[in-house]
Amino acid sequence: TSFHIDCGSSTPSTDSYNISWLPDKFFTGGSTVVSEPLHFHLQHEKTLRYFPLSSGKKNCYNIPLPAGRYYIRTFTVYDNYDGKSHSPSFDASVEGTLVFSWRSPWPESLTRDGAYSDLFAFVKDGQLDLCFYSIATDPPVIASLEVVQIDPLSYNSAQTGDSYILVNYGRLSPGSSQWGPGFTSDPDAFGRSWQSDSDYRDGKSESAKVITTKEKITGTENAPNYFPMKLYQSAVTIEGRLEYELPVDAKLDYLVWFHFAEIDSTVKKAGERVFDVLVNDKNVSRVDIFKEVGSFAAYSLNYTEKNLSSSVLNVKLSPVAGAPLICGLENYAMVPSDLATVPEQVVAMKALKDSLCVPDRMGWNGDPCAPTDWDAWEGVTCHTNKNGTGLVITQIELGSQGLKGYISEQISLLSNLINLNLSTNSLDGTLPIGLGQKSLARLDLSDNQFSGSIPESLTSSNLQLVRLNNNLLEGRVPEELYSVGVHGGTIDLSGNKGLCGVPPLPDCPLFWENGRLSKGGKIAIGLSCFLFVAVLLLVIYLFCIRRGRNDYDFGLPSDLISLAAKRNRYQRQKSLMLLEMESQHAKGLPSVPLNPH
């Protein structure tokens with residue numbers, strides 16, 4: 001994964017080294033101005049992007065990237081693009097950690113020609129944030145931005161971890177002029193550029209001899225660092241001590257890498273070239289290149305200088321046998337990653353930025369709280385969380401900022417919020433159900449156009465001040481919320497014609513609330529429906545029981561119906577015969593047996 005962004009350009013291009021440059025993208029705010037084009041040879045150096053104060057004090061490039069480690073290089077130039085002859089003061093951060101500081105006035109050569117800066121950093125959240133912070137009213141500037149994914153295990157990260165950013169303080173290729181992607185056609189898998197060492201040798205080492213070879217060097221281009229072969233095909237050597245002075249910033253740790261290859265064919269065996277490597281006069285290693293890897297083979301070692309107290313890092317190669325020799329020297333400041341805002345609160349703040357339509361001038365870009373050297377987002381106050389692992393938002397003060405929109409439901413993720421002031425804006429919509437974290441002590445949403453009811457969640461907080469006056473709220477006020485005023489706090493609900501239920505507000509209708517049935521109304525209707533159904537079932541039951549006792553006209557099987565009919569006819573015939581016999585007996589007639597045989 002790689003990006004090469006031509007900041008300030010509106011068209012894509014391909015340079016003479018076959019690198020494809022994207023037109024400017026992924027930035028927040030800012031404006032485009034072309035600096036003096038004829039002075040620069042490379043297309044991506046001819047334009048720049050600057051960020052005026054109208055875009056806010058903090059602006060960023062937000063580049064979507066898979067999680068991993070990246071080589072990041074910027075080109076910065078002023079070139080009097082605005083005709084003010086005032087080079088700007090500003091800071092730059094990567095992933096919420098301060099990495100570069102530019103202070104006016106810049107050296108003349110830097111102002112005119114610009115400078116490249118680079119570093120190695122881990123991206124963990126799927127997006128690279130490269131941000132700029134204006135000092136005073138100066139607009140930050142950037143001319144190009146390059147991002148190349150590299151091996152995550154490079155430069156000892158297995159030992160140092162992923163909580164450091166390595167900022168380049170010198171990547172030297174002794175015996176060569178500047179080379180690497182963007183400067184020459186020489187390859188480097190990471191995109192690193194290498195510069196001449198001549199400006200860093202002390203006066204006694206100016207007479208160092210350059211030796212070069214076209215022979216193949218073994219052990220190069222290997223994981224995880226992929227150091228290029230060209231680095232080991234040139235070297236400097238000197239009879240006596242070889243010394244470098246590298247400018248640094250104090251109070252940081254520095255990771256120093258040394259690169260060697262025995263490219264002098266006259267050295268045939270171990271012991272012929274031996275020298276000590278000293279950093280700030282401390283002997284860190286004795287080197288015999290031939291003994292370690294033989295001839296025409298790459299050999300590297302590294303050393304970490306802890307808590308450097310001076311502004312110069314001194315490197316010496318002191319001879320033991322023969323003349324010292326070096327092919328490459330790298331020096332990186334190990335900048336510890338700054339604390340960042342905890343991820344769920346970043347999500348909440350970005351959702352609020354969108355829902356509240358926060359204007360660009362407020363500079364709500366990048367991490368809300370980091371770097372800690374800078375101010376947090378305008379109107380936002382942050383603190384370290386309890387276990388010291390991240391930053392949390394404790395206060396949002398955005399009264400009278402011309403906001404238009406609504407409060408995002410994601411505000412419930414701000415679990416450390418103590419004070420929320422969004423008063424005197426043009427916000428509308430309903431109050432989020434999750435509004436009212438236990439930490440919330442002060443809430444001022446007055447003079448807006450919020451509608452709907454007051455959420456019950458506000459009753460679970462420790463509110464001492466509640467101002468909801470002059471909105472369009474309606475419905476019953478929770479008694480627990482009203483008790484804020486009873487217990488010595490401040491509460492103002494005036495100017496909401498639809499609110500009811502607590503003094504001095506009117507009583508709420510028994511069964512109607514917030515333009516709909518109240519909770520009591522729903523319960524009453526539910527009970528009424530239950531009683532109606534119960535009575536109906538009782539009536540049906542009694543009706544069926546009564547009918548069961550008095551009505552035998554119920555259905556029977558057809559064969560039973562037939563037997564019953566015959567039996568009924570027999571009984572009727574028998575009754576008629578008995579009546580006839582009784583009549584004859586009364587007349588003195590002889591009786592006749594019923595079944596004579």
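Colleague: Which residue stands opposite Thr237 in S23?

Modeller: In this predicted model, strand S16 (residues 234-237) and S23 run antiparallel and are joined by two bridges. Thr237 belongs to that pairing, and the residue that stands opposite Thr237 in S23 is Leu325.

Colleague: Which are the edge strands of the open sheet S15-S16-S23?

Modeller: Three strands make up this open sheet, and their pairing is antiparallel. An edge strand here pairs on one side only. The edge strands are S15 and strand S23 (325-326).

Colleague: What is the order of the strands in the open sheet of four strands?

Modeller: The pairing in this sheet is antiparallel. Strand S17 (242-247) and strand S20 (282-287) each pair on one side only, as edge strands, and the twist averages 20 degrees from one strand to the next. The order is S17-S22-S19-S20.

Colleague: Which residue in S22 is the bridge partner of Val274?

Modeller: Strand S19 (residues 274-279) and strand S22 (residues 312-321) run antiparallel, with six bridges joining them. The bridge partner of Val274 in S22 is Ala321.

Colleague: How many residues of strand S8 (residues 90-94) are buried?

Modeller: Phe90, Ala92 and Val94 point one way from S8, while Asp91 and Ser93 point the other way. Residues on both sides are buried. Strand S8 is thus mostly covered, and the count of buried residues is five of its five.

Colleague: Which residue of S11 stands opposite Asp91?

Modeller: S8 pairs in the antiparallel sense with strand S9 (residues 97-102) over five bridges, and there Asp91 stands opposite Ser101. S8 also pairs in the antiparallel sense with strand S11 (residues 127-134), over five bridges. In S11, the residue opposite Asp91 is Tyr133.

Colleague: Which residue in the turn between S8 and S9 has a positive phi?

Modeller: S8 and S9 form a hairpin with two residues between them. The positive phi in the turn is about 50 degrees, and the residue is Glu95.

Colleague: Why is the pair of Tyr78 and Tyr81 classed as it is?

Modeller: The ring centres of Tyr78 and Tyr81 are 5.6 Å apart and their planes lie at 80 degrees. Planes over 60 degrees apart count as edge-to-face. The pair of Tyr78 and Tyr81 is therefore edge-to-face.

Colleague: Is Trp194 buried or exposed?

Modeller: Trp179 and Trp194 form a stacked aromatic pair, 6.0 Å centre to centre with 15 degrees between the planes. Both lie in the loop between strand S14 (164-172) and strand S15 (209-212), 15 residues apart. Buried means under 20% relative accessible area. Because its relative accessibility is 0%, Trp194 counts as buried.

Colleague: Over the face of which residue does Arg49 lie?

Modeller: One aromatic cluster includes Phe27, Tyr50 and Phe51. Arg49 lies 3.5 Å from the ring centre of one of these cluster members. That residue is Phe27.

Colleague: Where does the largest nonpolar core lie with respect to domain 1 (1-150) and domain 2 (152-338)?

Modeller: This core has 91 residues, of which Leu145, Phe258 and Phe260 touch the most other members. Strand S18 (residues 253-261) gives the most to the core, with seven residues. Because domain 1 and domain 2 both give residues to the core, it lies between them.

Technical notes
Residues numbered from 1 in each chain as written. Predicted model: local features only at pLDDT ≥ 70, side-chain atom pairs only at ≥ 80, totals over all residues. Heavy atoms only, no water. Pairing = 2+ DSSP bridges. Axes fitted to C-alpha atoms, helices over the stretch in contact; angles between N-to-C directions. Phe/Tyr/Trp six-rings, centres within 6.5 Å; stacked < 30°, edge-to-face > 60°. Buried < 20%, exposed > 50% of the residue type's maximum accessible area, 1.4 Å probe, protein only. Lys NZ or Arg CZ within 6 Å of the ring centre and 35° of its normal. Core = buried A, V, L, I, M, F, W, Y, C linked by side-chain atoms within 4.5 Å. Domains from an automatic or database assignment.
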